[in-house]
Amino acid sequence: MPGAAKGPLYFTIWLNTIHLMSPERLNATFAALADPTRRAILSRLARGDASVTDLAEPFDVSLAAISKHLKVLQRAGLITQGREAQWRPCRLAPAPLKGAADWIEHYRRYWEESFDQLDDYLHNVQSKEKERGRKRK
Amino acid sequence: MAENENELVITRVFDAPRALVWKAWTDAEELKQWSAPKGFTLPVNEGDLRPGGKWRSCMRKPDGTELWLGGVYREIVEPERLVFTHAWDDENGKPGPETVVTVIFSERGGKTEMNFRQAGFASADSRDGHAEGWGECFDRLEELLAKE
């Protein structure tokens, strides 16, 4: 329906991410992230596009090894490689990270609960300490 | 119960008798007419209205792409209480994360108060997206009920 109303913005944006939460997609995303070199490449690309040579520069590994890492990232949909320029710049494709972040987000309440428990524990310890101090006097 | 991050609560009063609002929520053809936000359509909608019965819909986005969703009816107490599960299909056509929708209809002097609650969202983004999506659906429901 071209030309029709675009529809609600947040609902549409969210709908665009639901297919990023499939088990296969999450497997690929987390597998790609389970390597320090690949995480470093993503950090570098978060600052801007870069050529394969640029990306390889900080690492003490061969260009072929970097190419392998880039392929993993590409298959996971985390980066794209341009065809327009001679140097074929790599670019971050953050959408699958949103799927992974949403998956993790589901567990937020549990770690926040642990902080609440830590808070209670510290309160208890402090009041016991005070109690002891008073007794000593 | 207090509203929390994983839960969406919407209350609306419709200028229509409770039986009509109930029908709009449970009749497959009526649902097609309102249960999609502005610019979206529901070309397919079918449901087996009994506890344990399944429902299935196809929502067409303004760009023409289609998304499937469905769930299972848990409680059906005509004309006051409807509980069902709700999940969008993932890219492999399998149900994704599930939420639970509870809708309670109360008579308010010839009008009907609808208390809608959707619980179990995987993220605040999902909840906010649905808040907007359902909000538009309920605008359409209001228009549909005004016509009847």
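Start with two helices in chain B of this predicted model: select H1, residues 18-26, and H3, residues 124-147. Their axes sit 11 Å apart, at an angle of about 125°. Angles from 65 to 115 degrees would count as roughly perpendicular and those over 145 as roughly antiparallel, so H1(B) and H3(B) are oblique to each other. Look at the handedness too: H1(B) passes H3(B) in a right-handed crossing.

Now show the side chains where they touch. Which residues of H1(B) meet H3(B)? They're B:Leu20, B:Val21 and B:Ala24, and across from them in H3(B) you'll find B:Leu141, B:Leu144 and B:Leu145. Colour this contact by residue type and you get six nonpolar residues, with no polar and no charged ones.

Next, bring up the sheet. It's an open one of seven strands in chain B, running S1-S7-S6-S5-S4-S3-S2 with antiparallel pairing. Pick out S1 (7-14) and S2 (41-47) of chain B: they stand at the edges with a single partner strand each, so one side of each has no neighbour in the sheet. Going from one strand to the next, the twist averages 20°.

Zoom in on S6 (residues 95-108) and S7 (residues 111-119) of chain B, an antiparallel pair joined over nine bridges. Click B:Arg108 and look for its bridge partner in S7(B), which is B:Lys111.

Then go back to H1(B), which packs on the sheet and touches S1, S5 (81-89), S6 and S7 of chain B. The direction of H1(B) makes about 165° with that of S6(B).

Finally, zoom out: chain B has three helices and seven strands, in the order β-α-α-β-β-β-β-β-β-α along the sequence. Of its 148 residues, 26% count as buried.

Note on methods:
Residues are numbered from 1 along each chain as its sequence is written. Chains are lettered from A and ligands numbered from 1 in the order in which they are written. This is a predicted model: local features need pLDDT of at least 70, side-chain atom pairs count only at pLDDT 80 or more; totals for chains, interfaces and linings use all residues. Helices (H or I, at least four residues) and strands (E, at least two) are DSSP runs, numbered from the N terminus. A residue is buried if 20 or more other C-beta atoms lie within 10 Å of its own, exposed if 12 or fewer, and partly exposed in between; C-beta atoms are placed from the backbone. Axes are lines fitted to C-alpha atoms, for helices over the stretch in contact, and angles run from 0 to 180 degrees between N-to-C directions. Angles under 35 degrees count as roughly parallel, over 145 as roughly antiparallel, 65 to 115 as roughly perpendicular and the rest as oblique. A crossing is left-handed if the near helix is turned anticlockwise from the far one by less than a right angle, and right-handed if clockwise. Two residues are in contact if their C-beta atoms, placed from the backbone, lie within 7 Å. Ala, Val, Leu, Ile, Met, Phe, Trp, Tyr, Cys and Pro count as nonpolar, Asp, Glu, Lys and Arg as charged, and the others, Gly among them, as polar. Two strands pair if DSSP finds at least two bridges between them.
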